[in-house]
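Please look through the structure shown here with its sheet and its aromatic side chains in mind. The paragraphs after it take these two topics in turn.

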Amino acid sequence: MAASSSCRSVRDNVISAREKILSNTVLSRQHMTPEIALHLITPDCAIYHQPVGAGDIGAHTGFSADPFWGFFWPGGQALTRRVSRRVFILDTGHVFHGKSVLDVGCGCGASAIAALMVGARHVTANDIDPVALQATLLNAELNGITSNRLAVSDDNFISNGADSETTNTYEVVLIGDLFYDTEIAADLHPWIQRLARAGTEIFVGDPGRHGITDTGVLRNMKLRSPVQTTCKCLPGK
């Protein structure tokens with residue numbers, strides 16, 4: 001009886017999250033990867049104009065945490081597409097074809113979806129916000145991605161330091177827009193260094209936030225695809 005009640009509670013939470021996502025977003029292709037349709041928060045959505053990140057996590061939005069999954073952030077867009085009519089994931093399919101991929105901090109799931117579109121064998125979309133995982137699944141369904149090639153996980157791979165598990169399971173790791181401050185950079189930098197030494201391919205998309213520019217992280221990276229974008233995801237951001 002307890003197990004049945006627990007399963008019903010999980011199912012109800014998933015349904016509730018999906019309903020909230022759909023009622024607070026619009027279908028959009030107005031981004032650098034119009035091949036991928038996404039449920040996004042745009043200026044047409046009332047929630048777009050609510051305070052975000054003011055310290056009261058999620059209090060003004062109706063979600064348990066601020067809905068950062070609702071925005072296709074510039075680093076994620078750059079990771080998925082390059083300007084000048086060239087794309088990174090979508091045009092360098094050989095990097096991902098037949099590979100197992102981990103998308104860390106997946107948000108709306110666009111990079112995970114792109115990797116699957118170019119033939120990745122299996123992708124795990126990872127985010128510590130469970131609502132982001134439901135948004136990713138909704139966006140995957142929207143783009144015809146089947147669940148047998150896509151998994152979702154809310155494990156904290158970085159804080160757990162699951163290096164051996166990650167390197168044994170994933171050949172490619174994607175990181176978009178996670179270097180947003182020096183604190184997260186202090187955790188991310190050594191983690192990706194250990195993965196790189198173990199042979200994991202790591203691709204980072206970032207618009208130049210201080211978490212990546214002021215911490216020495218760039219010394220251990222090679223610039224693969226410079227991008228210029230006028231992306232404006234949040235008011236005043």
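What follows describes the sheet and its helices, and then the aromatic pairs.

This is a predicted model, in which local features need pLDDT of at least 70 and side-chain atom pairs count only at pLDDT 80 or more, while totals for chains, interfaces and linings use all residues. Residues are numbered from 1 along each chain as its sequence is written, and side-chain values use heavy atoms, with hydrogens and water left out.

Five strands form an open sheet with parallel pairing, in the order E5-E4-E3-E6-E7; strands (E, at least two residues) and helices (H or I, at least four) are DSSP runs numbered from the N terminus, and two strands pair if DSSP finds at least two bridges between them. The edges are strand E5 (150-153) and strand E7 (201-205), each of which pairs on one side only. Neighbouring strands of this sheet are turned by 20° against each other on average, direction ignored, where axes are lines fitted to C-alpha atoms, for helices over the stretch in contact, and angles run from 0 to 180 degrees between N-to-C directions.

Strand E3 (residues 100-104) pairs with strand E4 (residues 122-126) in the parallel sense over five bridges, with Val 104 opposite Asn 126 and Leu 102 opposite Thr 124. Between these strands the chain passes through helix H4 (residues 110-117), in a β-α-β crossover that is right-handed, that is, with the strands pointing away from the viewer, the path from the first strand over the helix to the second runs clockwise. E4 is in turn joined to E5 by four bridges, again in parallel, and Asn 126 stands opposite Ser 153 in E5. E4, H5 and E5 also make a right-handed β-α-β unit. Four of the five residues of E4 are buried, so this strand is largely enclosed by the rest of the structure; buried means under 20% relative accessible area, exposed over 50%, and partly exposed in between (1.4 Å probe, protein chains only).

Turning to the aromatic rings, there are six aromatic pairs, counted where ring centres of Phe, Tyr and Trp (its six-membered ring) lie within 6.5 Å, with planes under 30 degrees apart called stacked, over 60 edge-to-face and the rest tilted. Phe 71 and Trp 73 form a tilted pair, 5.6 Å centre to centre with 55° between the planes, and both residues are buried. The rings of Phe 96 and Phe 203 have centres 5.8 Å apart and planes at 50°, so this pair is tilted. Because Phe 96 lies in helix H3 (residues 93-96) and Phe 203 in strand E7, the pair ties together parts that are 107 residues apart in sequence.
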